[in-house]
Amino acid sequence: MPEMLSLSNDPILFVTVMLAKILAVFIVVILIVAYATYAERKIIGRMQTRLGPTMTGPLGLLQPIADGLKLFFKEDIIPAQASKFAFVLAPMMILVPAFITIAVVPFGGNVVVGGYTVPLQIADLNVGILYILAMAGLGVYGIVLAGWASNNKYSLLGGVRSAAQMISYELAAGLSIISVFMLSETLSLRGIVEAQAGGITDWYIFSQPLAFCLFVITSLAEVNRTPFDLPEAETELVSGFCTEYSSMKYALFFMAEYANMVVISAVTATLFLGGPAGPFPGAINLLLKIFFFMFVFIWIRATFPRVKYNQLMYMGWKIFLPLALLNIVITGAVVVF
Amino acid sequence: MAKKDIMTINMGPQHPSTHGVLQLILELDGETVVKATPHIGFLHRGVEKLSENRSYHRALPLTDRLDYLAPMSNNLGYVLAVEKLLGITDLIPERAKVVRVMMAELTRIKSHLVWLATHALDIGAMTVFLYCFREREAIMDMYEKLSGARMTSNYFRVGGLSLDLPEGFEKDVRSFIDAMPGHIETYEGLLTGNKIWQKRTIGVAKIDADAAIDIGLTGPALRASGVDWDLRRDNPYSGYEEYEFQVVTRQNGDTFDRYKARLDEMRESCKIIRQALDKLQPGPILADAPAVCLPPKEKVVNSIEGLIHQFKIITEGFKPEPGEIYQGVEAPKGELGYYLVSDGSANPYRMKIRPPSFVNLQALPQMVEGALLADVIAAIGTLDIVLGEIDR
Amino acid sequence: MIKEFIQGLSITAKHLLPGNSTTVEYPKVKLEASERFRGLHRLVPAHNREKCVACYLCPTVCPAKCITVEAGEDENGVKYPTVYQIDMLRCIFCGYCVEACPVEAIEMTGEYELANYKREDFCFTKERLLK
């Protein structure tokens, strides 16, 4: 294996490759986000005996683009009593963490470029998992800020709900991952993928089924998807934190929600399903796993009612947190003995 | 904190789950409701006053627009009341009575379907919404075939029916009620056993039997609290005494029980419709009361007597003896009552409507006190209110 | 608990299969209105003009007061409506006019696309109703 490409051995090549990787990942994520909205509308439509979009382009395939354009050209309204700076900042605060989390997710093995080894991953942080949790935590600031800055009581309730929800679920999600890196003995996502590389039986979903279930459920709560979509609960809070948003700012919230879904799916696939491992070339495996999780999320949205705020809290603190702790204890016992 | 900070929030009249233009002033402590004050009247059209200025016949289309989700039940209550006022209740032909019962029960299913759809959507289960509307659409198609309109049917007439059943109608109804229990199973499959649905509904917006009676709740909301009271059985009209059906009662009086009660009521309605279909015999559809009923069309076109008859009824109307009556029917939402006062003229002197939703809504503040914001949504949904009826 | 969740998921998944859609793609496909449908009114023509004899029963029975009729006589002394106008913005499509008409001169069609741009366009004069 040739030497690893780094900033010291070939700065120009390194920057070029880096930019190429970032651009590729960004475009793929944006495309998935755009077509996730399309897929969601189609799938839920079919499940509800409807058709979903059909008019824009063949099979309605241009619908996400039409939606984007429409939102782009809409008037941008900032309520007179809103806190302007925070109001403008909030959508960015929620979108950016959603996108940058994907940086630590490996989407393949190593390739050789110009005589150097290049890992198919934007950044192999040795604290990759902590970085993911940190970014997920950062995203909630956007929601809280949006709720507060809108100067709307419904939005405020949405923001408060989301803050409480995020704290309770962040904990359980974090704790459920601990058992994973207890097994892999590394915090780097690349390391975790390599630890699962020995074939399908090495995937942590089989050795850590409880952690997997906990992580998927808490992730649903973290990305505000049904049945945990309390911060936006349109029938209660009239869209909650994004009530007052319009135009491109609303589109940013919308994109962030789907980007979060993509990221959470990618992270789950990496932690529990061996990431890019599988029968096809690297990135395709990862994409298939992402699509699978996205489909499940959409499916769940079509089927389940929404839980109540106090029930959500109850579940977070009294069920998921103890279960996650228990899982750590069991894993610890197994690892030690 | 020494002083509790209460946040007042205006829920409605523009809010997705206040079922129209209900406004609730909610006083919230965090997410807990301290007090809820319903404000109504945004959809007031003055139906009662309007009907004082038009003949009995011309007031009928107004009743379509009370509870617009169950127009035939409103029509039924009104025509029964006018017939009682005229004293022609016994003259109504059997066929008209049976069709009235059949359509009233189809209307009950239709109304309950919208209730389930919106209630489930409010709680977040959006797929049930579209499944229910699919079945409701089938009923609307039948409405259209029968009366010519999908919502404001205006089909019953004082003395009978406006038109006879169209060809193939009975077959449509039969195939619908054959399929309906299966559809109800589907809704139940999505909701009843679902832990989240149970958590959202069991014990929520509870009201016990005594409180329910004190407020004057009627319909499924009353029966779910354990009070066995159904006008169809206890004060029968339009020949309901000839049908066999169960009055569905439940004990707990919470949202889940009201949900189950209405679903079971839909099943019972299917049974009543089946019996009505079996009873259906060819025969006249209008009472033999020439002072009240329009003559058949061919008579009007072909004979001078018929023509004069038609002119007389339409220009003069019919004039009940002075007096007053009350007629209640078991509408899908509860007891719908018409109180009519006649001064001997062709127009009602006074028409007072007792809308079930209006009375049922009074239970809301008491139901949601101390509950969470999300329970308010469930409570509004479970009461099954229609603002067209509340504001009149 | 899990069983019920799976049951719910299977119901939605079952509907995902093709052939379950009930959508009618409206502007492309239009539903046929039933025979009794109470849509736009139509004055029935007879020989060279409308069948209507301007008897005023329809404006009398109309609960919305949306029908304007003015009677006139032609050279043979036969009554006919010089003006017959229905204000579709007031009409509630109850069908009483059809029921009241003693000569079957007015009927309701299956036409339900009544949207328009101008207020005046909702006033259906005799000529438009005869079409």
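The exercises below, each with a worked solution, concern selected residues and helix pairs of a predicted model.

Residues are numbered from 1 along each chain as its sequence is written, and chains are lettered from A and ligands numbered from 1 in the order in which they are written. Local features need pLDDT of at least 70, side-chain atom pairs count only at pLDDT 80 or more, totals for chains, interfaces and linings use all residues, and side-chain values use heavy atoms, with hydrogens and water left out.

**Exercise 1. Describe the surroundings of B:Ser342.**

Step 1. Place the residue: B:Ser342 belongs to strand β7 of chain B, residues 334-342. Helices (H or I, at least four residues) and strands (E, at least two) are DSSP runs, numbered from the N terminus.

Step 2. Check the accessibility. The relative accessible area of B:Ser342 is 5%, so the residue is buried. Buried means under 20% relative accessible area, exposed over 50%, and partly exposed in between (1.4 Å probe, protein chains only).

Step 3. Look for polar contacts, which are pairs of N or O atoms within 3.5 Å; within protein, one must be able to donate a hydrogen and the other to accept it, and residues adjacent in sequence count only if both atoms are side-chain atoms. The side chain of B:Ser342 reaches the backbone oxygen of B:Pro320 at 3.2 Å. A polar atom of that side chain also lies 3.2 Å from the backbone oxygen of B:Glu321.

Step 4. List the contacts (heavy atoms within 4.5 Å). Leaving aside neighbours within four places in sequence, B:Ser342 is in contact with residues including B:Tyr56, B:Leu85, B:Gly323 and B:Tyr349.

**Exercise 2. Find the accessibility and contacts of B:Glu335, also in strand β7 of chain B.**

Step 1. B:Glu335 has 14% relative accessibility and therefore counts as buried.

Step 2. Not counting residues up to four places away in sequence, B:Glu335 touches, among others, B:Thr218, B:Trp229, B:Tyr326 and B:Arg354.

Step 3. B:Glu335 and B:Arg150 are 185 residues apart in sequence, and their C-alpha atoms are 24 Å apart in space.

**Exercise 3. Work out how helices α8 and α12 of chain A pack.**

Step 1. Take the geometry: α8(A), residues 209-222, and α12(A), residues 309-336, pack at an angle of about 150° with their axes 10 Å apart. Axes are lines fitted to C-alpha atoms, for helices over the stretch in contact, and angles run from 0 to 180 degrees between N-to-C directions.

Step 2. Name the arrangement. This angle makes α8(A) roughly antiparallel to α12(A), a word used for angles over 145 degrees.

Step 3. Give the handedness. The crossing of α8(A) and α12(A) is left-handed, meaning that the near helix is turned anticlockwise from the far one by less than a right angle; clockwise would be right-handed.

Step 4. Identify the residues. On α8(A) the contact is made by A:Leu210, A:Ala211, A:Leu214, A:Ile217 and A:Thr218, and on α12(A) by A:Phe320, A:Leu323, A:Ala324 and A:Asn327.

Step 5. Sort them by class. The contact has seven nonpolar, two polar and no charged residues. Ala, Val, Leu, Ile, Met, Phe, Trp, Tyr, Cys and Pro count as nonpolar, Asp, Glu, Lys and Arg as charged, and the others, Gly among them, as polar.

**Exercise 4. Describe the crossing of helices α1 and α2 of chain A, then examine A:Phe72.**

Step 1. The axes of α1(A), residues 11-47, and α2(A), residues 63-73, come within 8 Å and cross at roughly 115°. The crossing is right-handed.

Step 2. A:Ala34, A:Tyr35, A:Thr37, A:Tyr38 and A:Arg41 in α1(A) meet A:Gln63, A:Pro64, A:Ile65 and A:Asp67 in α2(A). By class, there are five nonpolar, two polar and two charged residues in this contact.

Step 3. A:Phe72 is found in α2 of chain A. At 53% relative accessibility, A:Phe72 counts as exposed.

Step 4. Not counting residues up to four places away in sequence, A:Phe72 touches A:Ser247 and A:Met248. A:Phe72 and A:Lys249 are 177 residues apart in sequence and 9.0 Å apart in space, C-alpha to C-alpha.

**Exercise 5. Decide how enclosed helix α16 of chain B is, and what follows the helix.**

Step 1. In α16(B), residues 373-383, 11 of the 11 residues are buried, so the helix is largely enclosed by the rest of the structure.

Step 2. B:Asp384 follows α16(B) and has a positive phi, near 55°.

**Exercise 6. Place B:Asn154 and C:Lys65, and state whether each is buried or exposed.**

Step 1. B:Asn154 is found in the loop between α5 (126-147) and β4 (156-157) of chain B. Its phi is positive, near 50°, and B:Asn154 is buried, with a relative accessible area of 1%.

Step 2. C:Lys65 lies in the loop between α2 (57-61) and β4 (67-73) of chain C. Its phi is positive, about 55°, and at 52% relative accessibility C:Lys65 counts as exposed.

Notes:
Angles under 35 degrees count as roughly parallel, over 145 as roughly antiparallel, 65 to 115 as roughly perpendicular and the rest as oblique.
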